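Biologist: I should be grateful for a close look at one residue of this chain and at the setting in which it lies. Please take the residue first and then move outward to the chain as a whole.

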Amino acid sequence: MAKNNIKVSANVADTVRPTVVGAKHRPGWHALRTIAARITTPLLPDDYLVLANPLWSARELRGRILEVRPETVDSATIVIKPGWGFSFDYEPGQYIGIGVLVDGRWKWRSYSLTSTPVTSAAAAKGGRTARTITITVKAMPEGFLSSHLVNGLEPGTIVRLAAPQGNFVLPDPAPSSLLFLTAGSGVTPVMSMLRTLVRRGQIGAPGHVVHVHSAPTEDDVMFSGELAELADAHPGYRLIRRATRREGRLDLARLDEVVPDWRERQTWACGPEAMLDDAVRVWKDAGLEDQLHLERFAVSKAAVHGAGGEVTFERSGKTVRVDAATSLMDAGEDAGIRMPFGCRMGICQSCVVGLVDGYVRDLRTGDEREPGSRIQTCVSAASGNCVIDA
């Protein structure tokens with residue numbers, strides 16, 4: 001059947017002044033900026049503020065790298081001081097986006113926050129010294145930016161940030177019985193949860209929190225010393241570590257042998273796809289899907305079809321040729337276009353834009369989307385020439 005030639009043009013002007021980040025949280029500052037805007041036209045007050053301090057941007061969230069602290073041979077904790085407009089009252093388990101300028105291009109990725117949220121009351125008690133966040137990154141062989149963050153990022157570097165988001169979070173108050181099931185870098189969002197439990201004084205009686213963590217060797221365990229100290233200091237926290245090169249991967253079908261009461265616990269699981277798929281199957285077979293909370297760091301992709309095509313980013317006025325395996329988001333960022341994003345896995349819907357013309361294919365399912373559709377750029381690739389509203 002012939003494809004209809006439909007074209008829906010966005011025609012959205014890009015000349016409006018940007019919405020001020022954090023305006024609703026600091027109305028006094030916003031009022032001063034509004035007055036300044038009227039007397040500094042055609043330049044925005046932001047143009048002057050950034051000259052004084054790069055973190056005072058109102059157009060975007062920014063941060064300064066304070067420290068890159070090694071955790072293991074291939075991972076590091078990155079301490080960031082966010083600039084004006086960042087809300088520290090995030091939820092433990094959420095992630096942020098970080099953009100780093102590399103070879104003249106901004107490279108963006110999302111990483112779990114490993115620091116604890118700071119409420120307004122806590123900030124008042126702790127003063128301004130609490131105003132930092134941390135992410136912990138594992139350098140992946142296929143991940144250029146992760147390797148750069150771990151091995152090439154210098155203290156003092158100014159980065160771009162995207163606001164915290166994500167639904168893999170720990171409620172307050174915490175459930176009466178918890179199980180954390182993690183492997184490798186999957187421990188990172190759970191580390192924020194554990195630190196928050198300690199900060200709130202919510203690690204209860206013995207057996208309250210059980211944490212099963214797997215890594216290839218003992219030397220590969222992120223936060224190894226802190227986790228051990230936590231287990232020693234809090235009888236309510238039980239840590240079970242598994243070195244998979246020596247003991248093999250944990251068979252979740254035999255979880256009763258490790259955590260006999262796992263069916264009674266609310267469970268947060270994060271790690272490799274195979275582990276999470278096994279968890280979904282085991283909890284479903286037990287009829288306990290509502291007690292399992294998952295965080296996935298990667299998306300399963302269908303077989304690649306076609307040869308890609310030319311992608312035109314209508315608002316940006318750029319056209320690039322892209323193969324059928326490269327997401328539209330990656331293609332845009334490689335072309336120097338700042339694309340909206342969140343989880344980069346097709347879950348959070350933060351990257352949705354309009355497909356103006358042509359066809360794209362969902363990298364997860366292989367399904368084709370037609371002109372006029374709203375598409376997720378992080379999990380969509382060109383299926384021939386196409387135009388998107390970006």
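Modeller: In this predicted model, Glu71 is partly exposed: its relative accessible area is 26%, and because buried is a term kept for values under 20% and exposed for those over 50%, Glu71 falls in between. The residue belongs to strand β1, which covers residues 61-72. Once neighbours within four places in sequence are set aside, the contacts of Glu71 are Ala76, Thr77, Thr136 and Phe223. A further pairing spans the sequence: Met222 is 151 residues away from Glu71 along the chain, yet their C-alpha atoms are 5.8 Å apart in space.

Strand β1 also leads to the interior. It is among the elements that give two or more residues to the largest nonpolar core, a set of 25 residues in which Ile98, Ile135 and Leu149 touch the most other members. The other elements that give two or more are β2 (75-82), β3 (95-102), β5 (133-138), α4 (144-151) and β6 (158-165). Of these, β3 gives the most, with 4 residues. For Ile98, again without neighbours within four places in sequence, the contacts include Ile135 and Leu149, and also Ile80, Leu145, Val159 and Leu161. Charged and aromatic side chains appear in the list for Ile98 as well, among them Lys107, Arg109, Arg160, Trp108, Tyr111 and Phe341.

A second core, separate from the one just described, holds 23 residues, including Val311, Ile337, Ile388 and Ala390. Ile388 is also one of the contacts of Thr377, a residue in the loop between β16 (374-376) and β17 (380-388). Where Glu71 is partly exposed, Thr377 is buried: its relative accessible area is 0%, and the term applies because that value is under 20%. Not counting residues up to four places away in sequence, Thr377 touches Ser327, Leu328, Met329, Met339, Pro340, Cys351 and Val353 in addition to Ile388.

For the chain as a whole, the secondary structure comes to 9 helices and 17 strands. Of its 390 residues, 47% are buried. The accessible surface comes to about 18900 Å², and carbon and sulfur atoms account for 51% of that area. Among contacts between residues at least 6 apart in sequence, 67% join residues at least 24 apart. The pair of Glu71 and Met222, at 151 residues apart in sequence, shows how distant parts of the chain are brought to 5.8 Å in space, C-alpha to C-alpha.

Note on methods:
Residues are numbered from 1 along each chain as its sequence is written. This is a predicted model: local features need pLDDT of at least 70, side-chain atom pairs count only at pLDDT 80 or more; totals for chains, interfaces and linings use all residues. Side-chain values use heavy atoms; hydrogens and water are left out. Buried means under 20% relative accessible area, exposed over 50%, partly exposed in between (1.4 Å probe, protein chains only). Contact means heavy atoms within 4.5 Å. A nonpolar core is a set of buried Ala, Val, Leu, Ile, Met, Phe, Trp, Tyr and Cys residues joined through side-chain atoms within 4.5 Å. Accessible areas come from the Shrake-Rupley method with a 1.4 Å probe; for residues, only the protein chains shown count as cover.
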